[in-house]
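Biologist: Before I accept any label on this model, I want to see the cut-off behind it. Please take me through the terms one by one.

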Amino acid sequence: MILMFTFLFTLSGCSTNTIEQPKEVTLNQDRDDFNGELEGFFDEFEVEEIYDPFSGYNRAMTTFNDKAYEYVIKPVAKGYKYVIHEEVRESVRNFFNNLYFPIRATNNLLQGKFYNTYEETGRFIINTTVGILGFFDPAKVHFNLEAHEEDFGQTLGFYGVGSGPHIVLPLLGPSNLRDLLSMYPDALLSPIDYTERSYWTLTDTWSEYLGARTFEEVNYISLDMEKYDEIKQDAIDLYPYLRDIYEQYRKKQIEE
Amino acid sequence: MISFYKKILALCVAVLFAQSLVADEQIDLKNRFLEKIKEVTLIVENKELSKDERNRNIVKSLTPMFDFELMAKLSLGTAWRELSQENADKFVELYVERMKHSYSAKIDAYEDEKVEVKSIDQPQPNRIALVTDLVSKEEKLEIVYKYHKPKTKAADKDEWLIYDVEIIGVSILKTDRAQFKEFLRTKSIVDLMDALAKQS
């Protein structure tokens with residue numbers, strides 16, 4: 001009986017194989033296949049429309065940001081890159097990343113990701129001490145501790161809060177109402193912030209804060225100058241293109 | 001009673017066998033994918049080729065893996081149905097050219113990166129998703145290659161074809177659908193084709 005089953009299976013396997021390889025190959029698929037073969041795919045790609053009541057403003061701000069990047073930020077980052085050695089720039093990035101530890105750890109904790117919180121804490125302790133104020137990343141290199149990016153927008157998303165209308169921020173780029181409002185609680189946890197705290201913060205005034213953030217951004221961009229251009233290259237219509245990429249990316253981050 | 005047990009046993013064997021067939025299919029696909037990556041890596045590392053030659057070879061090597069025509073159709077969504085035959089053919093041609101061009105440009109930015117297959121999903125018998133990590137010195141990028149198995153296999157194509165690529169959650173096809181749809185709200189398909197032509 002077992003043999004028979006096996007035999008039948010092999011036989012059916014063979015027969016489907018012969019069916020699947022027809023002698024004639026039709027290259028020109030009929031355009032009426034819309035309701036046939038394509039149908040299954042359409043369900044998969046039926047994208048939910050992104051809520052976009054501010055599309056007019058968003059479009060204008062996208063153009064502004066694009067030009068600002070092209071004519072101001074990129075040349076500055078290029079000059080900076082030319083002057084400062086890559087290893088130094090990597091260290092600067094590490095330093096800022098290390099400072100954002102409270103944001104990541106808290107949001108990991110709020111989402112019940114205890115192991116990630118533990119890894120983040122380990123990273124902070126090791127990198128702040130052995131890694132000299134976070135300029136180096138021995139936690140990853142020697143202890144195999146990975147960073148876990150989480151922010152309050154992701155925490156809200158985790159608990160089912162929708163993204164709300166899409167909003168393009170000046171210079172900071174694509175965002176949405178949920179993520180925009182989430183910047184406030186995250187700022188309260190950020191040691192870079194200039195507001196009065198009972199503990200040390202990197203900046204004391206608004207202008208110092210702006211300077212520090214600009215430096216951080218320029219440094220970050222200098223490490224991968226081509227990134228934006230590579231993404232932009234496939235855009236037919238920049239605004240909806242970037243909007244969709246942002247919303248899809250955030251959805252993925254929240255799911256993780 | 002004994003025959004009952006025999007039947008159960010036979011059923012188990014049958015189920016196991018069917019499962020191993022599915023598993024084989026997945027492993028074959030994974031091996032084929034890794035082989036291609038190796039092939040492309042060799043071309044990239046071949047310093048004797050000029051950049052154009054190199055890119056042409058890469059595109060040639062990768063073309064049998066992709067269902068560009070299907071991607072072109074899906075990218076337009078319902079607007080596809082309204083195209084004349086002539087425009088439909090032209091659109092597919094332009095879309096395919098743009099994809100190849102975009103891929104070549106991305107290869108130019110390639111630097112000592114490794115591809116690791118993390119997991120394989122098969123949500124339907126004729127769909128397989130290959131979840132991979134592109135590992136560089138700095139970071140890991142999750143890239144998902146989505147395959148489908150057409151009912152009829154074309155002579156110059158693989159049995160399983162890629163119809164979408166998701167890079168850290170961003171689907172190439174979904175993004176194109178969204179921007180084409182928005183574009184067509186205010187402009188015509190001819191304008192869209194002009195814009196596509198400019199990109200490649």
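Modeller: Start with chain A, where Tyr71(A), Val72(A) and Val76(A) make a nonpolar surface patch of about 320 Å². This is a predicted model, in which local features need pLDDT of at least 70, side-chain atom pairs count only at pLDDT 80 or more, and totals for chains, interfaces and linings use all residues. Residues are numbered from 1 along each chain as its sequence is written, chains are lettered from A and ligands numbered from 1 in the order in which they are written, and side-chain values use heavy atoms, with hydrogens and water left out.

Biologist: What makes Tyr71(A), Val72(A) and Val76(A) a nonpolar surface patch?

Modeller: A patch takes residues with over 30% relative accessible area and no salt bridge, and nonpolar side chains (Val, Leu, Ile, Met, Phe, Trp, Tyr) are joined within 5 Å. A salt bridge would be a side-chain nitrogen of Lys or Arg within 4 Å of a carboxyl oxygen of Asp or Glu. The areas come from the Shrake-Rupley method with a 1.4 Å probe, and for residues only the protein chains shown count as cover.

Biologist: Why is Val76(A) called partly exposed?

Modeller: Buried means under 20% relative accessible area, exposed means over 50%, and partly exposed is in between. Val76(A) has 46% relative accessibility, so it counts as partly exposed. Val76(A) lies in helix α3 (residues 55–83) of chain A. Across chain A, buried residues make up 41% of the 256 residues.

Biologist: How many helices and strands does chain A have, and what counts as one?

Modeller: Chain A has 12 helices and 2 strands. Both are DSSP runs numbered from the N terminus: helices are H or I with at least four residues, strands are E with at least two.

Biologist: What makes the negative patch in chain B?

Modeller: Glu86(B), Asp89(B), Glu93(B) and Glu97(B) gather there on the surface. Like charges are joined within 9 Å. Asp and Glu count as negative, Lys and Arg as positive, while His and the chain ends are not counted. The place of a charge is NZ of Lys, CZ of Arg, CG of Asp or CD of Glu. Glu97(B) lies in helix α4 (residues 85–108) of chain B, and its relative accessible area of 40% makes it partly exposed.

Biologist: Why is helix α3 (residues 68–76) of chain B described as largely enclosed?

Modeller: Because 8 of its 9 residues are buried. Among them are Phe68(B), Leu70(B), Met71(B) and Lys73(B). Just after α3(B), Gly77(B) takes a positive phi of about 60°.

Biologist: How do you know that β1 and β2 of chain B pair?

Modeller: Two strands pair if DSSP finds at least two bridges between them. Strands β1 (residues 114–124) and β2 (residues 127–135) of chain B are joined by 8 bridges and run antiparallel; one of the partnerships is Val115(B) with Leu134(B). The two strands form a hairpin with 2 residues between them.

Biologist: And what makes β4 and β5 of chain B a pair?

Modeller: β4 (residues 161–167) of chain B and β5(B) pair in the antiparallel sense over 2 bridges. Glu166(B) stands opposite Ser171(B), and Ile167(B) opposite Val170(B). In the turn of their hairpin, Ile168(B) has a positive phi of about 35°.

Biologist: Which strands of the open sheet stand at the edges?

Modeller: The sheet has 5 strands in the order β1-β2-β3-β4-β5 (chain B), with antiparallel pairing. β1 and β5 (170–171) of chain B stand at its edges with a single partner strand each, so one side of each has no neighbour in the sheet.

Methods
Buried means under 20% relative accessible area, exposed over 50%, partly exposed in between (1.4 Å probe, protein chains only).
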